[in-house]
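User: I'm new to reading protein models, and I'd like to learn how to describe the way helices pack. Could you walk me through one?

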Amino acid sequence: MNIQTTHTTMIVSSEDREIMFNIAHWITNNRKSVKKIRQLAGTEERYMLIIREIDRLELQLTKARYMRTEATLTLVEWLNTLNHFHWRCAYCGKKSFEVMSHITPLPDGGTTLDNCVPGCYTCIRHNRKDNPYNPPGKFLHVYGVREIVGSADNFSHPINM
Ligand SMILES: [Zn+2]
């Protein structure tokens with residue numbers, strides 16, 4: 001299986017979302033166990049999907065802690081954010097997302113709910129710290145993620161875009 005293909009053909013069904021939230025909640029309350037996650041995921045594809053987000057989140061939280069900035073984003077919050085943006089890039093809204101983007105780059109911003117959105121490589125290049133247009137006006141719509149997504153699990157209250 002080539003997980004890279006999910007970047008261009010990212011189809012996350014409502015069943016996938018529900019199961020991923022269940023796993024995220026389970027992880028919140030239990031010690032993380034790969035065996036249990038695989039069991040809860042049901043399929044290998046879904047397991048790869050959730051593991052990839054767990055790894056992505058942990059890497060960014062570790063980076064933020066290392067840079068001594070805020071590191072509070074939870075897996076449930078990140079999944080809520082991904083669902084809100086339909087697993088697409090938050091900036092262009094077109095491409096499947098490829099990376100976790102910090103609106104205000106580390107370490108000025110943290111790995112937090114209101115600073116992290118899904119992004120594609122093309123848009124990320126325009127959102128670099130050394131870009132004089134950062135934050136560019138066209139990206140303003142991604143601000144206020146906390147207000148949009150909410151800090152609670154709002155899976156049962158889907159947001160209409
Ligand atoms: Zn984009």
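**Reading how helices pack**

Analyst: Let's start with one pair: H2 and H5 cross in a left-handed way. The residues that make this contact are Arg17, Met20, Phe21, Ala24, His25, Ile27 and Thr28 on H2, with Leu75, Val76, Leu79 and Asn83 on H5. Sorted by class, the contact of H2 with H5 has seven nonpolar, three polar and one charged residues. Keep in mind that this is a predicted model.

User: What numbers do I need to describe a pair like that?

Analyst: Two packed helices are described by the angle between their axes and the distance between the axes. For H2 and H5, the angle is about 160 degrees and the axes are 9 Å apart. Angles over 145 degrees count as roughly antiparallel, so H2 and H5 are roughly antiparallel to each other.

User: Before we go on, how many helices and strands does the protein have, and in what pattern along the sequence?

Analyst: There are seven helices and two strands. Going along the sequence, the pattern reads α-α-α-α-α-β-β-α-α. The protein has 161 residues, and 28% of them count as buried. As for contacts between residues at least 6 apart in sequence, 64% join residues at least 24 apart.

User: Back to pairs, then. At what angle do the axes of H3 and H4 cross?

Analyst: Roughly 130 degrees, and the axes of H3 and H4 come within 8 Å. That angle makes H3 and H4 oblique to each other. Their crossing is right-handed. On the H3 side the contact uses Ile37, Arg38 and Ala41, and on the H4 side Arg46, Tyr47, Ile50 and Ile51. By class, the contact of H3 with H4 splits into five nonpolar, no polar and two charged residues.

User: And how do H2 and H4 pack?

Analyst: H2 and H4 have axes 11 Å apart, at an angle of about 55 degrees. They are therefore oblique to each other, and H2 passes H4 in a right-handed crossing. Here Asp16, Ile19, Met20 and Ile23 of H2 meet Arg46, Leu49 and Ile50 of H4. The contact of H2 with H4 divides into five nonpolar, no polar and two charged residues.

User: H4 keeps coming up. How do I check whether the span of helix H4 agrees with its 23 residues?

Analyst: You work out an expected span and compare it with the model. H4 covers residues 44–66, and at 1.5 Å a residue those 23 residues should span 33 Å. Its end C-alpha atoms are 32 Å apart, which agrees.

User: Which residues of H4 are buried, and what do they pack against?

Analyst: The buried ones are Arg46, Leu49, Ile50, Leu57, Gln60 and Ala64. They pack against H2, H3 (34–41), H5 (75–84) and strand E1 (99–102).

User: How about a single residue, say Trp26: where does it lie, and how exposed is it?

Analyst: Count its neighbours. Trp26 lies in H2, which runs over residues 14–29. It has 15 other C-beta atoms within 10 Å, so it is partly exposed. You can also compare distance in space with distance along the chain: Trp26 and Lys36 are 10 residues apart along the chain, and their C-alpha atoms are separated by 9.4 Å.

User: What should I look for in the backbone itself?

Analyst: Look for exceptions to the usual pattern. Most residues other than glycine have a negative phi, and most peptide bonds are trans. Now the cases here. Just after H4, Arg68 takes a positive phi of about 55 degrees. His86, which is not a glycine, has a positive phi of about 55 degrees too, and is found in the loop between H5 and E1. Trp87 is in the loop between H5 and E1, with a positive phi near 55 degrees.

User: Are His86 and Trp87 buried or partly exposed?

Analyst: His86 counts as partly exposed because it has 15 C-beta neighbours inside 10 Å. Trp87 has 19 other C-beta atoms within 10 Å and is partly exposed. The cut-off for buried is 20 or more.

User: And where is there a cis peptide bond?

Analyst: From Leu106 to Pro107, where omega is near 0 degrees. Pro107 is found in the loop between E1 and strand E2 (116–119).

Note on methods. Residues are numbered from 1 along each chain as its sequence is written. This is a predicted model: local features need pLDDT of at least 70, side-chain atom pairs count only at pLDDT 80 or more; totals for chains, interfaces and linings use all residues. Helices (H or I, at least four residues) and strands (E, at least two) are DSSP runs, numbered from the N terminus. A residue is buried if 20 or more other C-beta atoms lie within 10 Å of its own, exposed if 12 or fewer, and partly exposed in between; C-beta atoms are placed from the backbone. The expected span of a helix is 1.5 Å times one less than its number of residues. Two residues are in contact if their C-beta atoms, placed from the backbone, lie within 7 Å. Axes are lines fitted to C-alpha atoms, for helices over the stretch in contact, and angles run from 0 to 180 degrees between N-to-C directions. Angles under 35 degrees count as roughly parallel, over 145 as roughly antiparallel, 65 to 115 as roughly perpendicular and the rest as oblique. A crossing is left-handed if the near helix is turned anticlockwise from the far one by less than a right angle, and right-handed if clockwise. Ala, Val, Leu, Ile, Met, Phe, Trp, Tyr, Cys and Pro count as nonpolar, Asp, Glu, Lys and Arg as charged, and the others, Gly among them, as polar.
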